[in-house]
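Good morning, everyone, and thank you for making time for this. Please have the sequence and the model open in front of you, and follow along as I go from one place to the next.

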Amino acid sequence: MEGSEVDNESRRQMGRTDWQGVVFGICLGALAGFQLLKLPPVLPLLTEAYGYGRVYAGALMSVYSVAGLLLSWFVGRTLGLRGPRVLLLAAFGCLVAGNILGLITPGNAPALLSSRLLEGIGFTVLGVVGGVVATTSASEAHRMLATALWATWIPVGQILGTVTAIPAVATGQWKPLWWGAVALTVAAAVWGRALAASGRPAFRAPARKPAPEGERPAAQPTGAANSSPLLLIATTFALWSMQFISFLTWLPIYLVEVQGLGAARAATVYLVPPVLIVAFNLLTGVLLRWGWPLRLLLGGSLAAQAAVWFLAPWTTGVASGVLSLATYGVTSGIIPTCLFALPAALPGSGGSVAKGFAALMTGRHLGVLVGPILLGRVIAFHNGWQLATPLFGAICMAALAAHWVLSRNLVRHRTERSDPVATRLAA
C-alpha cells in the first residue's frame, strides 16, 4: 500500500509539468540564439562586401553584450516582480526593429551596430525569460530534462542560422537570414500572446501575500551567503563564454582564411560543433537526473577544453583535428547544461531562480563583450592565430578555478534547501 501511494504521488508530481510552457521557453531561447548567431556564417560575405575590419566585425557580436550587462539584473528583478508579459512585448519589438534597421543600413557602421544593439536588448530579455519559463513550467520530476533542453538554446539557434545560411551564402546573399529572423519573431509573439491569454502559471505575475497583522515579513538572505554564489556563477560563465563565443564567431573566417575552404563549405563545417553540443546538452540532463555529480561533469569538461586549446598547435592533422573539434563540441554541450542547473542549487527561496538566471546571463554577456573583440585584436596585432590557443586555454583554467570556489560555497549552503533536486546539485 505504501509503495502504491508513493507511485501515485510520483505520477501526480510528474503530471504538473506544463509542456507547452517548457517548449515555448526553449523556443524563446532558440530564437535568441538565432538572432545572435545568424551573423557568423555570413560574416565573410559582409566583410568582403562592406570592408568590415577585424575589430568592427567582432563588435557586431559583442554589442549584444552591452545590453545584457546593463539589463540582465533589471530583467531578472522585473520578471520576479511582474512576470514575463511586458518584458516579452518589449523584446519582440526590439528584435523586429533591429532586424529591419540592419536590412536597411548594412553599409552604415554606426547604424548597423545600433541595429545589433536593439537585437541585443531582445536577446537579453529572451535569455532570462525563456530560461525561467522553461524550468518553472516543469515539475520536480522533469526539471533536469527541462534544464537540458533549455541549454540547447544557443546551439539550436546556431544550427537554425547555419542551415538557413548555407543556401544563402552559396548564392552570395545574407538578407534572407534577417527576414527569417523577423518572421520567427512575429510567430513567437503570436504564440506568446495565446499562452498568456490562457492563464498558464509561468505567465502570471507572482502573487504577493500581505504579512499577517503584527507579523514582520521574513528576512531575505543577505550578505556573502546570498551574493557570493551569484557572483561566482556569473564569473564562471563569463570566463567560459569568453572563449566559447570567440570560437563560434571566428570559426567560419578561420576555415576560409587558414584552411582554405569556401564560404558555403565553411558554413557546413560550422554545423558540426552545435550538433554535438545539442546531443550532449540532452545527455548531460539525463546524467544529472540519474545523480551524476555536477561538480565532476562541469570541472572535468572545463579541464578538457583547456587541454584542447593548449594542444591545438599539435592537432593540425585531419584525425587529430577532428578529435579536437569533437572533444570541444562534446564538452561545450556538458558545460552549459551544468551551468543552467546551478540556479536550482542556490541558497534562499524559489525566487532565487530568476536571480540565478540573471547572474548567468550577466556573466555570459560579459564574456560575449570581451571575447570576440579580444580575439580580433590578438589576430590583428600578431597577424595570425598563434597566441589565441594558449590565451583561451588559460581562460578555461581560470573558469575551472572559479567553479571550484563556487562548488565549495554551494556545499556549505546545501543544508538550507529542502528541495531534493537543489540538495543533490549542491552536494
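Leaving aside its neighbours within four places in sequence, which residues is S72 in contact with? Before I answer, please keep in mind that what we are looking at is a predicted model. With those neighbours set aside, the contacts of S72 are A67, T124, V128, A358, M361, T362 and H365. S72 itself sits in helix 4, which covers residues 54-82, and with a relative accessible area of 0% it is buried.

For a contrast, let us turn to V186, which is found in helix 9, residues 175-197. The relative accessibility of V186 is 44%, and therefore V186 counts as partly exposed. If you measure along the sequence, V186 and G93 are 93 residues apart, yet in space their C-alpha atoms are 9.1 Å apart.

Now I would like to talk about helices that pack against each other. As a reminder, two packed helices are described by the angle between their axes and the distance between the axes.

The pair I start with is helix 2, residues 19-37, and helix 8, residues 153-170, whose axes are 7 Å apart and which pack at an angle of about 55°. That angle makes helix 2 oblique to helix 8, and the crossing of the two is right-handed. On the side of helix 2, the contact is made by G29, A30, A32, G33, F34, L36 and L37, while helix 8 brings W153, I154, V156, G157, Q158, L160, G161 and T164. Sorted by class, the residues of this contact of helix 2 with helix 8 are nine nonpolar and six polar, with no charged ones.

The next pair is helix 6, residues 109-136, with helix 7, residues 143-150, and here the axes come within 9 Å and cross at roughly 155°. Angles over 145 degrees count as roughly antiparallel, and helix 6 and helix 7 are therefore roughly antiparallel to each other. The crossing of helix 6 and helix 7 is right-handed. Where they meet, helix 6 offers L126, G127, G130, G131, A134 and T135, and helix 7 offers R143, A146, T147 and W150. In this contact of helix 6 with helix 7, four residues are nonpolar, five are polar and one is charged.

Please hold on to W150, since that residue takes us to the aromatic rings. How many aromatic pairs does the structure hold? There are 16 of them, and I will pick out two. The rings of W150 and F340 have centres 6.0 Å apart and planes at 80°, so this pair is edge-to-face. W150 belongs to helix 7 and F340 to helix 14, residues 318-341, so to speak of this pair is to speak of distant parts of the chain, 190 residues apart. Are these two residues buried or exposed? Both W150 and F340 are buried.

F340 also pairs with F357: their ring centres are 5.9 Å apart and their planes lie at 20°, so this pair is stacked. Because F340 lies in helix 14 and F357 in helix 15, residues 352-382, the pair ties together parts that are 17 residues apart in sequence. F357, like F340, is buried.

To finish, let us widen the view: ring pairs link a cluster of residues that includes W150, F340 and F357, and among the other members are Y64, F123, W153, F237 and W240.

Conventions: Residues numbered from 1 in each chain as written. Predicted model: local features only at pLDDT ≥ 70, side-chain atom pairs only at ≥ 80, totals over all residues. Heavy atoms only, no water. Axes fitted to C-alpha atoms, helices over the stretch in contact; angles between N-to-C directions. Helix = DSSP H or I, 4+ residues; strand = E, 2+ residues; numbered from the N terminus. Parallel < 35°, antiparallel > 145°, perpendicular 65-115°, else oblique. Left-handed = near helix turned anticlockwise from the far one by under 90°. Contact = heavy atoms within 4.5 Å. Nonpolar A, V, L, I, M, F, W, Y, C, P; charged D, E, K, R; others polar. Phe/Tyr/Trp six-rings, centres within 6.5 Å; stacked < 30°, edge-to-face > 60°. Buried < 20%, exposed > 50% of the residue type's maximum accessible area, 1.4 Å probe, protein only.
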